[in-house]
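Visitor: Hi! I have a new model to look through and would love some company. Could you walk me through it?
Guide: Happy to, let's bring it up.

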Amino acid sequence: MTIYFITMLIVLNLQPPLGWIQHTFPYDNKEICLSYIAKYKDEIALSVGKQFGNLLKGIKEYDCLTREDAVNRNTKLGH
């Protein structure tokens, strides 16, 4: 079974500045995960803002990815 997580591409005041982060709640269906993002995008953004504080410059993208996909994307970004 494939497990998906809400995943965001964030911009930070760090180097490298871009990185993919994931929420810890799993979804076994990508469409349900994406519908959750559509419904709660503002709340998700507030949560990420509280977590990163002044380091956060913005959220560039929201997606639902597997852990492996997020690791691969972060590797391409230099993490």
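Guide: One term before we start: strands here are DSSP runs of E with at least two residues, numbered from the N terminus. By that count, Asp 63 lies in strand β3, which covers residues 56-65. Please keep in mind that this is a predicted model.

Visitor: Thanks. What does the secondary structure of the chain come to?
Guide: The chain has two helices and three strands. Read from the N terminus, the order is β-β-α-β-α. The radius of gyration is 12 Å, close to the 12 Å that the globule rule gives for 79 residues, so the chain is as compact as a globular protein of that length.

Visitor: And what does the C-alpha trace span along its principal axes?
Guide: About 35 × 25 × 15 Å.

Visitor: How much of the chain counts as buried?
Guide: Of the 79 residues, 33% are buried. The chain exposes about 5200 Å², and carbon and sulfur atoms supply 53% of that area.

Visitor: What share of the contacts comes from residues 24 or more positions apart?
Guide: Such pairs make up 67% of the contacts with a separation of 6 or more.

Visitor: Back to Asp 63, then. Buried or exposed?
Guide: Asp 63 counts as buried, because its relative accessibility is 13% and the cut-off for buried is under 20%.

Visitor: Which residues is Asp 63 in contact with, leaving aside neighbours within four places in sequence?
Guide: Asp 63 is in contact with Phe 5, Ile 6, Thr 7, Trp 20, Lys 30, Leu 34, Ile 37 and Arg 73.

Visitor: Arg 73 caught my eye there. Where is Arg 73 found?
Guide: In helix α2, which runs over residues 67-76. With 29% relative accessibility, Arg 73 is classed as partly exposed. Apart from residues up to four places away in sequence, Arg 73 touches Trp 20, Glu 61, Asp 63 and Leu 65.

Visitor: What separates the C-alpha atoms of Arg 73 and Trp 20?
Guide: They are 7.2 Å apart, while the two positions lie 53 residues apart in terms of chain separation.

Visitor: Let's switch to Gln 22. Where is its place?
Guide: Gln 22 sits in strand β2, residues 18-27.

Visitor: Why does Gln 22 count as buried?
Guide: Because Gln 22 has a relative accessible area of 19%, and buried means under 20%.

Visitor: Which side chain does Gln 22 join through a polar contact?
Guide: That of Arg 67, at 2.8 Å. In addition, a polar atom of the Gln 22 side chain lies 3.4 Å from the backbone oxygen of Thr 66. Setting aside residues up to four places away in sequence, Gln 22 touches Phe 5, Ile 6, Thr 7, Leu 65, Thr 66, Arg 67 and Ala 70.

Visitor: So what do the contacts of Gln 22 and Asp 63 include?
Guide: Phe 5, Ile 6 and Thr 7 are among the residues listed for Gln 22, and they appear among those for Asp 63 too.

Visitor: New topic: which residues does the cis peptide bond with omega of about -10° join?
Guide: Gln 15 and Pro 16. Pro 16 is in the loop between β1, residues 4-12, and β2.

Visitor: Now helix α1. Where does Glu 31 fall, and is it buried or exposed?
Guide: Glu 31 is in helix α1 and is exposed, with a relative accessible area of 57%. Its C-alpha atom is 9.7 Å from that of Tyr 4, and the two are 27 residues apart along the chain.

Visitor: And where is Gly 49 found?
Guide: Gly 49 is also in helix α1, which spans residues 30-52. Gly 49 is partly exposed, with a relative accessible area of 26%. From Gly 49 to Thr 24 the C-alpha distance is 16 Å, with the pair 25 residues apart in sequence.

Visitor: One more residue: where does Asp 69 lie?
Guide: In helix α2. At 33% relative accessibility, Asp 69 counts as partly exposed. Asp 69 and Asn 29 are 15 Å apart, C-alpha to C-alpha, and 40 residues apart in sequence.

Visitor: Last one: how many positive and negative side chains does the chain have?
Guide: There are 9 positive and 8 negative side chains, and the centres of the two sets lie 7 Å apart.

Terms used:
Residues are numbered from 1 along each chain as its sequence is written. This is a predicted model: local features need pLDDT of at least 70, side-chain atom pairs count only at pLDDT 80 or more; totals for chains, interfaces and linings use all residues. Side-chain values use heavy atoms; hydrogens and water are left out. Helices (H or I, at least four residues) and strands (E, at least two) are DSSP runs, numbered from the N terminus. The radius of gyration is taken over C-alpha atoms; the globule rule is 2.2 Å times the number of residues to the power 0.38. Buried means under 20% relative accessible area, exposed over 50%, partly exposed in between (1.4 Å probe, protein chains only). Contact means heavy atoms within 4.5 Å. Accessible areas come from the Shrake-Rupley method with a 1.4 Å probe; for residues, only the protein chains shown count as cover. Lys and Arg count as positive and Asp and Glu as negative; His and the chain ends are not counted. The place of a charge is taken as NZ of Lys, CZ of Arg, CG of Asp or CD of Glu. A polar contact is a pair of N or O atoms within 3.5 Å; within protein, one must be able to donate a hydrogen and the other to accept it, and residues adjacent in sequence count only if both atoms are side-chain atoms.
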